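Me: I'd like to practise reading a sheet from its strand pairing. Can you walk me through one?

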Amino acid sequence: MIAPTLLVGLGGTGSKIVCRVSQMVTEEQRKRIGFAVFDTDINELREIREANPFIKTIQTSTKLTVGEYLNIDTHARDEWFPVNGILNSKSLTEGAGQVRAISRLALDTAIRAGNMEPLHNAIEELYKLEGDSSEQALRVVIVSSLAGGTGSGLILPVALYLKNYLATKFQASANITRGFFILPEVFYEVIRGQSERNNLKCNAYATLRELDAFLMKGDETLPEKYEKTVKLEFPRVGSNDVEEYNVRPYDFCFLFDAQNTEGKKLNSFNQYLDHAANCIYSQSIGPMNKRSNSSEDNTIRELCAERGRNRYAGAGSAMLIYPYEDVREYIALNWTKECVSSQWLVFDRMYKEKCLANAEMRAQGMNRRDINASVDYIESINQMAKQKDPFALSIEKACTIYDEGGYKKVNDKWTEYVGQLKKFVKDSTMNGQMDLDAQKNLAMGMINEVEIGSKQAAEELQDAYREMEKYKDMVVKRSEDTARTIAYSIFKAKNDSITKEKLPHRRERK
């Protein structure tokens, strides 16, 4: 049984990956998993709610501009926000525009307004689980891009907020928090401009530097000269006061780049999102998650020995895909080989020997035609029948129609079969043609009655065209119906009705 797990997506990319993971889990697994996504983009959140009603959505933005936010949040304006006249007029409802500080500003306002309830509800639902859930620590997985504005601006504050909330509300300090973060190069498939790519790199660099500093602070390995400056203050609900959370934001951070260790890449941006979703599912939810948790226990022991300075890792996933078509063909051919007697394989070997001899002659420069398999098999059977081979004689007898005395050959059964099949199809298609002929005659009559140049010519042509269209539709429908009827009568009809006719051929396969 998997441990209670909370998956949190930050920004557009993180939210998309969480949505992908949610589609991979079973109904039984979903009982022990909570999903929540943060974004400033109201349109993307609306799409997520419509497609995934069980995912909690937290919109950190309102219709206010950055300047209006700063007039409300004076602490942010005076202490940490990079005030800029150009940013002041930006609205947050359509995203943070790759500006990390805007995303954090929106989160602070959401916390102060008490808009974190959807996240709280997702956590509380996991703590309401019955049975042995109390014996298993909650696992938190936070997914985000390091490159954008919304996600990278929330990576630290959301993790700190969650750690503090769990510690104060549920006295749960043993929970494991993993971060899965997408590096800038992954976005090069969809972002081509160099200036935009440079912005992605700047965001990722700044985020990683901040993340590393707070990890060191949580492990008590931060140099003394930074202890007072490395801090993040959060607003208190319903007041202008702020408080600092002294917790370690993450236990492990997994970084996803565009290339693997061999320098190879995936084919599209969506494949990278799928890859990240597969890794998260495998480590946190799927059958392999127990092994992953065991590996983490060993890693924690190593961290203690190294004073915590090894909390970054890569992650990969593999998929075993069986070649279904090849396997099916292999089984079918082997089954056929087992069903066919060794006597039939004599003709196969003869054909193969002739093909090999043909190839050798071509290699010597001779001009040789390809051997027609169907013609060669018949010739081989006839040749061996002349040599009085018993099996060849039995085949010839089974495929030949003789006269009443049984001595003189009248025809081949397959020729008779094909001829009767053609006759059957022709007779079937000729039945019930009266309505088609009537519609055809009507349409042709209307065409012939059109007086070119008259006032009514255009209207008459339109009427005639409609009747021709109707005729075409009738022909198509009749053809499809007749084809189904013929196929059913040939391949699905019971044998009784056919064998009573005492004919030397049968249409059905049974």
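Reply: Sure. General idea first: two strands count as paired if DSSP finds at least two bridges between them. Keep in mind that this is a predicted model.

Me: Then in what order do the strands of the open sheet come?

Reply: The order is β3-β2-β1-β4-β5-β8-β9, seven strands with parallel pairing. At the edges sit β3 (56–59) and β9 (312–313), each of which pairs on one side only.

Me: Let's take β1. How many bridges join it to β2, and how many to β4?

Reply: Six bridges link β1 to β2, and the two run parallel. Between β1 (residues 5–10) and β4 (residues 139–145), also parallel, there are five bridges.

Me: Which residues does Thr-5 face in β2 and in β4?

Reply: In β2, Thr-5 stands opposite Ile-33. In β4, its bridge partner is Arg-139. Move on to Leu-6, and the partner in β4 is Val-140.

Me: And how do I read the two faces of a strand?

Reply: In a regular strand, side chains alternate between the two faces of the sheet. For β1, you get Thr-5, Leu-7 and Gly-9 on one side, with Leu-6, Val-8 and Leu-10 on the other.

Me: Are those faces of β1 covered or open?

Reply: Both are covered. Buried here means under 20% relative accessible area, and six of the six residues in β1 meet that.

Me: Which strands does helix α8 lie across?

Reply: Helix α8 (residues 150–169) lies across β1, β2 (33–39), β4 and β5 (176–182). Relative to β4, α8 runs at about 165°.

Definitions and conventions
Residues are numbered from 1 along each chain as its sequence is written. This is a predicted model: local features need pLDDT of at least 70, side-chain atom pairs count only at pLDDT 80 or more; totals for chains, interfaces and linings use all residues. Side-chain values use heavy atoms; hydrogens and water are left out. Helices (H or I, at least four residues) and strands (E, at least two) are DSSP runs, numbered from the N terminus. Contact means heavy atoms within 4.5 Å. Axes are lines fitted to C-alpha atoms, for helices over the stretch in contact, and angles run from 0 to 180 degrees between N-to-C directions. Buried means under 20% relative accessible area, exposed over 50%, partly exposed in between (1.4 Å probe, protein chains only).
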